[in-house]
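Colleague: I'd like to learn how to read a fold like this one, feature by feature. Could you walk me through it?

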Amino acid sequence: MIRSSGLVTQIRSSAICLFLLGSLLWFSRAILPLHAGELRIERLFGPEIKTGPYKHPARIEELRNGDLYVVYYGGEGEYATETGVFGSRLKQGSHKWTLPKRIASDPFRSVGNGIIWQAPDGLVWLFYVVRYGETWSTSRVQAKVSRNN
């Protein structure tokens, strides 16, 4: 079994952070209008948010009501069992994200990246993986549904 070195983990974390920043810039038009040539970068969460030292994003979704909802993986580490999928909302017209809440976890296994999606019928779906073996290749996809967006 091959484990990632610290450098590879740092590079992967940096790439994921860049993905989040790009996603935020894409959706920032819904929050604050940008003018041609203007670039705005915002930090969502860091070590001050107690969802574990290891955080990386997977998805931001604009809900029908205009709110933005972000989900991310957080916990003690990539293979730790004390991990979860966390969610936070930016209400339309607001400039402050809500404190993240754990929206998916498993007391016996690691959970991985979550994907949030609002279906045309209004249901909000959360898909995430749960690792059943020693590596992520043994994961199974699980889902949760909410009518309360």
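Colleague: Let me start with one residue: is Pro100 buried or exposed?

Modeller: Keep in mind that this is a predicted model. The call rests on relative accessible area, and buried means under 20%. Pro100 comes out at 15%, so it is buried.

Colleague: Where does Pro100 lie, and which residues is Pro100 in contact with?

Modeller: Pro100 lies in the loop that links β3 (83–90) to β4. If you skip its neighbours within four places in sequence, the contacts are Phe45, Ile49, Thr51, Tyr72, Phe86, Gly87 and Ser88. Look at Ser88 in particular: its C-alpha is separated from that of Pro100 by 4.6 Å, with the two positions twelve residues apart along the chain.

Colleague: Phe86, Gly87 and Ser88 are on that contact list. How many residues of β3 are buried?

Modeller: Eight of its eight residues are, so read this strand as mostly covered, going by the under 20% cut-off. Try checking the two faces separately. On one side you have Thr83, Val85, Gly87 and Arg89, on the other Gly84, Phe86, Ser88 and Leu90, and all of these are buried.

Colleague: How should I read the pairing around β3, then?

Modeller: The general idea first: strands of a sheet pair through backbone hydrogen bonds, in either a parallel or an antiparallel way. Here, four strands make an open sheet in the order β1-β2-β3-β4, with antiparallel pairing. The edges are β1 and β4 (101–104), each of which pairs on one side only. Ignoring direction, neighbouring strands of this sheet are turned by 35° against each other on average.

Colleague: How many bridges join these strands?

Modeller: Go pair by pair. β1 and strand β2 (residues 68–75) are joined by eight bridges, and β2 pairs with β3 over eight bridges as well. Between β3 and β4 there are three bridges. To fix the register, pick out single partners: Tyr54 stands opposite Gly75 in β2, Leu68 has Leu90 in β3 as its bridge partner, and Phe86 stands opposite Arg102 in β4.

Colleague: Now for another proline. Where is Pro53 found?

Modeller: Pro53 sits in the loop between α1 (6–31) and β1 (54–62). Its relative accessibility is 64%, which is why it counts as exposed. Pro100, by contrast, is buried at 15%.

Colleague: Which residues does Pro53 touch, apart from those up to four places away in sequence?

Modeller: Gly75 and Glu76. Gly75 is also the residue opposite Tyr54. For a backbone view, take Gly74: it is 21 residues from Pro53 in sequence, and the C-alpha to C-alpha distance is 7.4 Å.

Colleague: What secondary structure does the chain have in total?

Modeller: One helix and seven strands, following the pattern α-β-β-β-β-β-β-β along the sequence. Besides the sheet we've covered, three strands form an open sheet in the order β5-β6-β7, again with antiparallel pairing. β5 (111–118) and β7 each have a single partner strand and stand at the edges, so one side of each is left without a neighbour in the sheet. The average turn between neighbouring strands of this sheet is 20°, direction ignored.

Colleague: How many bridges join β6 to β7?

Modeller: Eight, with strand β6 (residues 124–131) running antiparallel to β7. As a register mark, Trp125 has Val145 in β7 as its bridge partner.

Colleague: Which residues form the nonpolar patch on the surface?

Modeller: Ile115, Trp117, Phe127 and Val141, with about 360 Å² of accessible area together. Val141 belongs to strand β7 (residues 139–146). That residue counts as exposed because its relative accessibility is 63%.

Colleague: And what do the totals for the chain look like?

Modeller: Of its 149 residues, 38% count as buried. The chain exposes about 9,200 Å², with carbon and sulfur atoms supplying 58% of that area. For contacts, take those between residues at least 6 apart in sequence: 41% of them join residues at least 24 apart.

Terms used: Residues numbered from 1 in each chain as written. Predicted model: local features only at pLDDT ≥ 70, side-chain atom pairs only at ≥ 80, totals over all residues. Heavy atoms only, no water. Patch = residues over 30% accessible without salt bridge, like charges linked within 9 Å, V, L, I, M, F, W, Y side chains within 5 Å. Areas by Shrake-Rupley, 256 points an atom, 1.4 Å probe, with all protein chains shown as cover. Salt bridge = Lys/Arg side-chain N within 4 Å of Asp/Glu carboxyl O. Helix = DSSP H or I, 4+ residues; strand = E, 2+ residues; numbered from the N terminus. Buried < 20%, exposed > 50% of the residue type's maximum accessible area, 1.4 Å probe, protein only. Contact = heavy atoms within 4.5 Å. Pairing = 2+ DSSP bridges. Axes fitted to C-alpha atoms, helices over the stretch in contact; angles between N-to-C directions.
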